[in-house]
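Here are some short exercises to work through with the viewer open. Try each task yourself before reading the solution below it.

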Amino acid sequence: MLFKQQALLRQKLFVLGSLAIGSLLYLVARVGSLDRLQPLCPIDGRFGPRGQDEIPLRALQFKRGLLHEFRKGNATKEQIRLHNLVQQLPKAIIIGVRKGGTRALLEMLNLHPAVVKASQEIHFFDNDENYAKGIEWYRKKMPFSYSHQITIEKSPAYFITEEVPERIYKMNSSIKLLIIVREPTTRAISDYTQVLEGKERKNKTYYKFEKLAIDPNTCEVNTKYKAVRTSIYTKHLERWLKYFPIEQFHIVDGDRLITEPLPELQLVEKFLNLPPRISQYNLYFNATRGFYCLRFNIVFNKCLAGSKGRIHPEVDTSVITKLRKFFHPFNQKFYQITGRTFNWP
Ligand code: A3P
C-alpha cells in the first residue's frame with residue numbers, strides 16, 4: 001500500500017517537473033526569438049527573397065559564433081552564400097557630435113532587428129589615408145548583413161572635418177545623417193574629461209578646463225580650443241548644408257537619450273523609415289551605472305563601457321556662465337535651422 005502511494009507520488013512529481021521544465025524552455029525560446037516572429041518591414045521598399053524575413057535575425061546574431069566570424073571575415077564562402085549575407089555601404093551615418101552620446105545611439109539602434117552596426121569607428125571620410133584606399137575598402141569594413149537590413153556606422157569626427165560632407169555626398173547623395181547633440185557647455189566639458197583621462201593614463205599632467213576654455217589675455221572664450229569649437233554646432237552644420245538638404249538630417253537630443261531613451265529612439269526609427277521595434281523591454285535603467293542599459297533578450301543584456309559616463313571635474317561657475325552666454329546665439333541659429341529647439345540656457 002505504502003509502496004503504491006510512493007510510486008503514485010513519484011509519478012505526479014515527474015509529470016509536474018516535466019511540465020515546469022517544458023514551460024521554461026518554451027518561455028526562453030519564445031522570448032529569445034521575439035524579433036524573428038515579428039514580420040520585418042523592408043527598408044527603402046526593398047524586400048528580401050520570399051522566406052528571408054523568417055530568418056532568425058537576432059537569434060542568429062546572438063549565436064555569438066556565426067555573425068562574429070562573418071564580421072571578422074572568417075566566414076567561408078559557403079556560409080555567406082547559404083545565408084545570403086552581404087557587406088553593404090551604410091544607409092545612415094551618425095556623423096557626430098563627439099561626446100554627444102554617439103556610442104549609446106548606435107548601440108541602441110542596433111537593438112532594432114533591421115539595423116546592423118559597424119562596431120568600430122571606421123574614419124573613412126575624415127582620414128585621407130583611409131579615404132585614398134577607396135570605397136571598396138570602406139565597404140569591406142562593414143559587417144555582414146541580410147540585404148533588407150541597413151548598416152549604420154558612426155564616426156563623430158565626420159561632423160567637424162572640412163572634407164567629409166563632399167566625400168559622403170559623392171558616395172551617396174541621399175544618405176540619412178544623424179547628429180546627436182548635448183547642451184554645448186556640458187559637451188565641451190565631457191570632451192575635456194576624455195582628453196584629461198587619456199593624459200592621466202599616461203601619467204601626464206594637463207591644464208585645467210578653465211585655463212583652456214578662457215583666453216587669459218582677453219578673458220573671453222577661447223574659440224581656438226577644439227572642445228569649444230566642436231560645440232558651435234551651427235557652424236559645422238552650415239558646411240554640411242552646402243551638400244545636403246536639412247531633411248536628410250535628424251537631430252537627436254543626447255541629454256534626453258540619457259534620461260529617457262525610448263522616445264528619442266522612436267523618432268530615429270521614424271526618420272529611418274523603420275517599423276517601430278525598439279521597446280521599453282529593450283532598455284532598463286541600471287542604478288549602479290546610472291544609465292540605461294540594453295536588453296536584447298532574456299539572456300543577453302549589456303551596459304556601455306565604463307568610459308561612457310565619466311564623472312566630470314568641477315568647473316568654475318563663472319566660466320560655465322561665460323561659455324553658456326557665448327554659445328547662446330549659435331544655439332538659437334541651430335534651433336532655427338534644424339527646427340528642433342532645446343532648453344539650453
Ligand atoms: P559623459 O562621459 O560625459 O557622461 P560618445 O559616445 O559620443 O563619446 O558620448 C559619450 C556620452 O554618452 C557620455 O558622456 C554619456 O553621458 C552619454 N550616454 C548616453 N547614454 C548613455 C548610456 N546609456 N550609457 C552610458 N553613456 C551614455
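**Exercise 1: the ligand**

Which atom of the ligand does a polar side-chain atom of S190 lie 2.6 Å from? Then list other contacts around the ligand. Keep in mind that this is a predicted model.

Solution.
- Step 1. Start at S190: the partner of its polar side-chain atom is an oxygen atom of the ligand, at 2.6 Å.
- Step 2. Move on to K99, where an N or O atom in the side chain is 2.9 Å from an oxygen atom of the ligand.
- Step 3. Turn to Y292, which uses its backbone: a polar atom there is 2.9 Å from a nitrogen atom of the ligand.
- Step 4. Widen the view. The ligand is surrounded by 17 residues, and the closest are K99, T102, S190, Y292 and H312.

**Exercise 2: the disulfide**

Find which residues the disulfide joins, and work out its handedness.

Solution.
- Step 1. There is one disulfide in the structure. Its partners are C293 and C303, with an S to S distance of 2.0 Å, and the cut-off for a disulfide is 2.5 Å.
- Step 2. Locate the two ends: C293 is in strand β9 (residues 291-295), while C303 is in the loop between β10 (301-302) and α17 (317-338), and the two are 10 residues apart.
- Step 3. Look at the torsion about the S-S bond of C293 and C303. It is about 100 degrees, so the disulfide is right-handed.
- Step 4. Check the accessibility of each end. C293 has a relative accessible area of 1%, so this residue is buried. C303 has 26%, so this one is partly exposed. For another cysteine, take C219: its relative accessible area is 43%, which means partly exposed as well.

**Exercise 3: the hairpin at C293**

Identify the strand that pairs with β9, and find the bridge partner of Y284.

Solution.
- Step 1. The strand is β8 (residues 283-286), which pairs with β9 in the antiparallel sense over four bridges.
- Step 2. The partner of Y284 in β9 is C293, the cysteine joined to C303 by the disulfide.
- Step 3. Inspect the turn. Four residues lie between β8 and β9 in this hairpin, and G290 in the turn has a positive phi of about 80 degrees.

**Exercise 4: the open sheet**

In what order do the five strands of the open sheet lie? Which strands stand at the edges?

Solution.
- Step 1. The order is β3-β5-β2-β6-β7, with parallel pairing.
- Step 2. The edges are β3 (115-117) and β7 (249-253): each has a single partner strand, so one side of each lacks a neighbour in the sheet. From one strand to the next, the twist averages 25 degrees.
- Step 3. Trace the pairings. β3 and β5 share three bridges, with V115 opposite I150. Three bridges also pair β2 with β5, where A92 has I152 as its bridge partner. Between β6 (residues 176-181) and β7 there are five, and I180 is partnered by V252.
- Step 4. Add the helices. Helix α6 (residues 102-109) packs on the sheet and touches β2 (92-96), β3, β5 (150-154), β6 and β7, its direction making about 165 degrees with that of β5. Helix α14 (residues 233-240) touches β2, β6 and β7, at about 175 degrees to the direction of β6.

**Exercise 5: strand β5**

Is β5 largely enclosed or open?

Solution.
- Step 1. Sort the residues by direction: I150, I152 and K154 point one way from β5, and T151 and E153 point the other way.
- Step 2. Five of the five residues are buried, so β5 is largely enclosed by the rest of the structure.

Technical notes:
Residues numbered from 1 in each chain as written. Predicted model: local features only at pLDDT ≥ 70, side-chain atom pairs only at ≥ 80, totals over all residues. Heavy atoms only, no water. Buried < 20%, exposed > 50% of the residue type's maximum accessible area, 1.4 Å probe, protein only. Pairing = 2+ DSSP bridges. Axes fitted to C-alpha atoms, helices over the stretch in contact; angles between N-to-C directions. Contact = heavy atoms within 4.5 Å. Near = heavy atom within 4 Å. Polar contact = N/O pair within 3.5 Å; in protein donor to acceptor, adjacent residues only side chain to side chain.
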